[in-house]
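Open the model in your viewer and keep the sequence beside it. This tour tells you what to select next and what to look for there.

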Amino acid sequence: MKPGITQLCLGRKNLDEDLRQAKRCGYEAIELAFGDTGVPALDSSRAELLEIRSACAAAGLQICSLIPTRKDGGSLLSSQQAEREKRMAILRRGLEIAEVL
């Protein structure tokens, strides 16, 4: 097991700075937060995801997990089918991202 940190605990303004900060603090792994804005973005292209993977490797950080989210992300617990479908689409996208990373 490697000591890791979630990107949510970092600045999330600049991926490279987040990676440098995590490494400076002695972490060996990072959980990336993919959202509507910023980097990494939930809608990143395959090429962008490969760049993210390369940046993490260059920083000496293993990607240990990811968080896929949107501001209007729905809920699996909602009684509304549309809300559950929103969340399922985000989770599916998270699995697609994980496959590339």
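A strand here is a DSSP run of E with at least two residues, and strands are numbered from the N terminus. Ser-65 sits in one of these, strand S3. Keep in mind that this is a predicted model.

**Stop 1: Ser-65**

Select Ser-65. Is it buried, partly exposed or exposed? Its relative accessibility is 29%, so Ser-65 counts as partly exposed. Buried would need a value under 20%. Now show its contacts. Leaving aside residues up to four places away in sequence, Ser-65 touches Ile-30, Glu-31 and Leu-32. Next, draw a line from the C-alpha of Ser-65 to that of Ala-33. The two residues are 32 apart in sequence and 8.9 Å apart in space.

**Stop 2: strand S2**

Select residues 29–34, which form strand S2. How many of its six residues are buried? Six of the six are, and the strand is mostly covered. Look along it. Ala-29, Glu-31 and Ala-33 point one way, while Ile-30, Leu-32 and Phe-34 point the other way. In a regular strand, side chains alternate between the two faces of the sheet.

**Stop 3: the neighbours of S2**

Add strand S1, residues 4–6. S1 and S2 run parallel and are joined by three bridges. Pick Gly-4: its bridge partner in S2 is Ala-29. Now trace the chain from S1 to S2. The path goes through helix H1, residues 15–24, and this β-α-β crossover is right-handed.

Then add strand S3, residues 62–68. S3 pairs with S2 in the parallel sense, over six bridges. Click Phe-34 and look for its bridge partner in S3, which is Pro-68. S2, helix H2 and S3 together make a right-handed β-α-β unit.

**Stop 4: helix H1**

Select Leu-15, Asp-18, Leu-19 and Ala-22, which are buried in H1. Turn the view to look down the axis of H1. The buried residues fall within an arc of 100°, so they line one face of the helix. What do they pack against? The answer is S1, S2 and H2.

**Stop 5: the loop before H2**

Move to the loop between S2 and H2. Pro-40 lies in this loop. Check the bond between Val-39 and Pro-40: the peptide is cis, with omega about 5°. Most peptide bonds are trans.

Ser-44 lies in the loop between S2 and H2 too. Its relative accessibility is 7%, so Ser-44 counts as buried. Show its contacts, again leaving out residues up to four places away in sequence: Ser-44 touches Leu-49, Ile-52 and Arg-93.

**Stop 6: helix H2**

Select residues 46–58, helix H2. Place a ruler between its end C-alpha atoms. They are 18 Å apart. Why does that agree with expectation? At 1.5 Å a residue, the 13 residues of H2 should span 18 Å.

Colour Leu-49, Ile-52, Ala-55 and Cys-56, the buried residues of H2. They cover an arc of only 120° around the axis, which puts them on the same side of H2. These buried residues pack against H1, S2, S3 and helix H3. Now rotate to the face turned away from the buried side. It carries the exposed residues Arg-46, Glu-51, Ala-57 and Ala-58. Follow the chain onward to Gly-60, which comes after H2 and has a positive phi, near 80°.

**Stop 7: the cysteines**

Show the sulfur atoms. How many disulfides does the whole structure hold? A search finds zero. Start with Cys-25. The closest cysteine sulfur is in Cys-9, 11 Å away, too far for a bond. A disulfide would need the sulfur atoms within 2.5 Å. Cys-25 counts as exposed because its relative accessibility is 53%. Go on to Cys-64, which is in no disulfide. The nearest cysteine sulfur, that of Cys-56, is 9.8 Å away. With 44% relative accessibility, Cys-64 counts as partly exposed.

**Last stop: Met-88**

Finish with Met-88, found in helix H3. At 32% relative accessibility, Met-88 counts as partly exposed. Draw one more line, from its C-alpha to that of Leu-10. The two residues are 78 apart along the chain, and their C-alpha atoms are separated by 27 Å.

Notes. Residues are numbered from 1 along each chain as its sequence is written. This is a predicted model: local features need pLDDT of at least 70, side-chain atom pairs count only at pLDDT 80 or more; totals for chains, interfaces and linings use all residues. Side-chain values use heavy atoms; hydrogens and water are left out. Buried means under 20% relative accessible area, exposed over 50%, partly exposed in between (1.4 Å probe, protein chains only). Helices (H or I, at least four residues) and strands (E, at least two) are DSSP runs, numbered from the N terminus. Two strands pair if DSSP finds at least two bridges between them. A crossover is right-handed if, with the strands pointing away from the viewer, the path from the first strand over the helix to the second runs clockwise. Contact means heavy atoms within 4.5 Å. The expected span of a helix is 1.5 Å times one less than its number of residues. The arc is that of the directions from the helix axis to the C-beta atoms.
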